Amino acid sequence: MSTYKFVAKDLMTEKVVCIHPDTPIHTLIKILIKNRINGAPVVDKEGKLVGVVSKTDIVEYEEKTGKKRPTVDKKSFYSDTNGKLKKAFDKVSKSKIFGKASVKDIMTSHVITARADDTIDRLAKIMYDKKIHRVIIQDKGQVLGVVSTLDILNAVSTMGYGSSAFVTEEAILDLQERLETAEKSIQSLRDILSKIRGEK
């Protein structure tokens, strides 16, 4: 059965908690805890997407310099997991003094997005290529929703790939890896055909 029957708007979570750049960090912490989320899109007064912010950004905030420590992982919003960050976040949210620092001081301006009409195959490829677990769905800069690997897993489980009770995150990563392998094979065939045509 073709996976193209599903597109982002069919899978995404539409009720997305968005944060304003001027929101104080201590307020951001309360919002994340209240909504049980690891991060959120950052939007300006017009609702335009300008960045993302996450628990990792809060953990990496330096009290002395008033800035976020440089990190190798620029995609913390997209890959955070509860288990990975819980202890560190709980500790800093209770002990750090953030003063007048706000979301704009710690947010990541690099945003990975997809369109509402992007197929599940394309969403899976984006997640695989970027090594992320969620992607923001937007239209003309406006946040429409968020799609996670779990959303894709749920869709895949309804298409005959197996029971949703036994589908794991490893399953979607395996599906993504197969997609990547197939694309490489297709590209190799195209290269061979191009050489053959060139020789003629």
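Let us start with the sheet: three strands form an open sheet in the order S5-S6-S7, with mixed pairing. Here two strands pair if DSSP finds at least two bridges between them, and strands (E, at least two residues) and helices (H or I, at least four) are DSSP runs, numbered from the N terminus. Strand S5 (113-114) and strand S7 (142-148) are the edge strands, each pairing on one side only. S5 and S6 run parallel and are joined by two bridges. Ala114, for instance, has Ile137 in S6 as its bridge partner. In general, strands of a sheet pair through backbone hydrogen bonds, either parallel or antiparallel.

Before going further, a word on what you are looking at. This is a predicted model, in which local features need pLDDT of at least 70 and side-chain atom pairs count only at pLDDT 80 or more, while totals for chains, interfaces and linings use all residues. Residues are numbered from 1 along each chain as its sequence is written, and side-chain values use heavy atoms, with hydrogens and water left out.

Now look at what lies against the sheet. H7 packs on the sheet and touches S5, S6 and S7; a contact means heavy atoms within 4.5 Å. The direction of H7 makes about 125 degrees with that of S6, where axes are lines fitted to C-alpha atoms (for helices over the stretch in contact) and angles run from 0 to 180 degrees between N-to-C directions.

H7 also takes us to the largest nonpolar core, which has 19 residues. Such a core is a set of buried Ala, Val, Leu, Ile, Met, Phe, Trp, Tyr and Cys residues joined through side-chain atoms within 4.5 Å. Buried means under 20% relative accessible area, exposed over 50%, and partly exposed in between (1.4 Å probe, protein chains only). Among the residues with the most contacts inside the largest core are Leu11, Leu123, Val135 and Val147. Helix H1 (8-11), helix H7 (120-130), strand S6 (134-139) and helix H8 (149-157) each give two or more residues to this core, and H7 supplies the largest share, five residues. Val147 offers a good view of these surroundings: leaving aside neighbours within four places in sequence, its contacts include Ala8, Leu11, Leu123, Met127, Val135, Ile137 and Ile152. Apart from this core lies another, of 17 residues, among them Val53, Ile58, Val92 and Ile106.

Charged residues come next. The structure holds five salt bridges, each a side-chain nitrogen of Lys or Arg within 4 Å of a carboxyl oxygen of Asp or Glu. Side chains of opposite charge can pair when their charged atoms come close. One such pair is Asp22 and Lys104, whose closest N and O atoms are 3.1 Å apart. This pair links distant parts of the chain, 82 residues apart: Asp22 is in the loop between H1 and helix H2 (25-35), and Lys104 is in helix H6 (residues 103-106). Asp22 is partly exposed at 43% relative accessibility, and Lys104 is partly exposed at 49%.

Thr23 is also found in the loop between H1 and H2. Thr23 is buried, with a relative accessible area of 13%, and touches Leu28, Ser102 and Val103, not counting residues up to four places away in sequence.

Finally, visit Asp118, which forms a salt bridge with Arg122, the closest N and O atoms being 3.4 Å apart. Asp118 is buried at 2% relative accessible area, whereas Arg122 is partly exposed at 40%. Salt bridges that share partners join Arg115, Asp117, Asp118 and Arg122 into one network.
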